[in-house]
Structure formats: structure tokens, C-alpha cells
Amino acid sequence: MNSDDAISQLVDAGLLTDRQAEAYVLRAVEGVPREAAAESMGISPNTLDNTLARAREKVRKAQATAEAVEVIRSPDIPEKCSECGHGLGQTWSRDSDGYPICIDCAGIDPAEATENISESDT
Ligand SMILES: [Zn+2]
């Protein structure tokens, strides 16, 4: 992807201004030296620094927001079987009261466990 495409992708995403996207692509993505990047944008190095700092802050917040959404949307995965107290690992089920139990206590054949779990999760 060339710089112009990268910049317009960032701008189209709706968060960064043209200037911020340009500063971000030149410095943070392509590693263009500070002076050269400022010159190609027709601004002073100090202005570039400020623009880049705002761009980085926005990108950081966007990533933090995306991660928070990810956490909120993922189902809670319990750590221990409520029956025997052993760690549950990746494969577990729920008993009739909704408590998490390991596949041994649930009496599930490990070969069939994946299918049962994807059903109980939805
Ligand atoms: Zn158990």
C-alpha cells in the first residue's frame, strides 16, 4: 500500500484529519525522518510533532476502545469447575443450574465436548 492509499484509508475511517493521517503514516508507519516528513508536509518539525502526538493519541484511544468492546462482548470464562474445583481450561460445560463444570463432572466425552460447548455458549 502506498502512502496516499494508507492516508486516505485512515481519513476514511473517520478518526484522523488529513494532516494527522499524513503525519502518522509518514512517521509512525513508514519511519520517515522528522525533518524530511515535516518538509514534505510543508510544516515545521514542531507542528509535525504536535500533529503526530494528536494522531497517536487518537489511535491509542481507538485501540483501547476496540479492546474494551472485545472484552465486553466475550463471554466470561470461569476458571474452576464448581463441582470438583479443578481448572476448567478451554473445554467446559454448565450444569443444570448454570454453574460451570468440567467435562469430567458433566460426563461429556471430550471428543464431543467442543460441539456441546459451542451450543451452550450461544
Ligand atoms: Zn469437575
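This report describes the predicted model of a single chain, from its overall make-up to the packing of its helices and a region annotated in UniProt.

**Overall make-up**

The chain, which is 122 residues long, has 20% of its residues buried, and its secondary structure consists of six helices and two strands. Following the sequence from its start, one meets these elements in the order α-α-α-α-β-β-α-α, a pattern that places the two strands after four helices and ahead of two others. As for how the chain contacts itself, if one takes the contacts between residues at least 6 apart in sequence, 27% of them join residues at least 24 apart.

**Packing of the helices**

Two packed helices are described by the angle between their axes and the distance between the axes. The table sets out these values for two pairs, in both of which helix α2 takes part.

| Helix pair | Angle between axes | Distance between axes |
|---|---|---|
| α1 (residues 3-12) and α2 (residues 18-29) | about 130° | 9 Å |
| α2 and α3 (residues 34-41) | about 150° | 10 Å |

How do α1 and α2 lie to each other, given their angle of about 130°? An angle counts as roughly antiparallel only when it is over 145 degrees, and as roughly perpendicular from 65 to 115 degrees, so that α1 and α2, at about 130°, are oblique to each other. The crossing in which α1 passes α2 is right-handed. On the side of α1, the residues that take part in this contact are S3, A6, I7, L10 and V11, and they meet D18, A21, E22, Y24, V25, L26 and V29 of α2. By kind, the residues of the contact of α1 with α2 comprise nine nonpolar, one polar and two charged.

The second pair has an angle of about 150°, and because angles over 145 degrees count as roughly antiparallel, α2 and α3 are described in that way. Here too the crossing is a right-handed one, with α2 passing α3. The contact brings E22, A23, L26 and R27 in α2 together with A37, S40 and M41 in α3, and the residues of this contact divide into four nonpolar, one polar and two charged. Residues E22 and L26 of α2 are named in the contact with α1 and again in the contact with α3.

**An annotated region**

For residues 80-105, an unreviewed UniProt entry gives the feature "domain: GATA-type". Within the model, this stretch of the chain is 12% helix and 23% strand, while the C-alpha atoms at the ends of residues 80-105 are 12 Å apart.

Notes
Residues numbered from 1 in each chain as written. Predicted model: local features only at pLDDT ≥ 70, side-chain atom pairs only at ≥ 80, totals over all residues. Buried ≥ 20, exposed ≤ 12 C-beta atoms within 10 Å, placed from the backbone. Contact = placed C-beta atoms within 7 Å. Axes fitted to C-alpha atoms, helices over the stretch in contact; angles between N-to-C directions. Parallel < 35°, antiparallel > 145°, perpendicular 65-115°, else oblique. Left-handed = near helix turned anticlockwise from the far one by under 90°. Nonpolar A, V, L, I, M, F, W, Y, C, P; charged D, E, K, R; others polar. UniProt positions renumbered as here; feature names shortened; annotations may be inferred.
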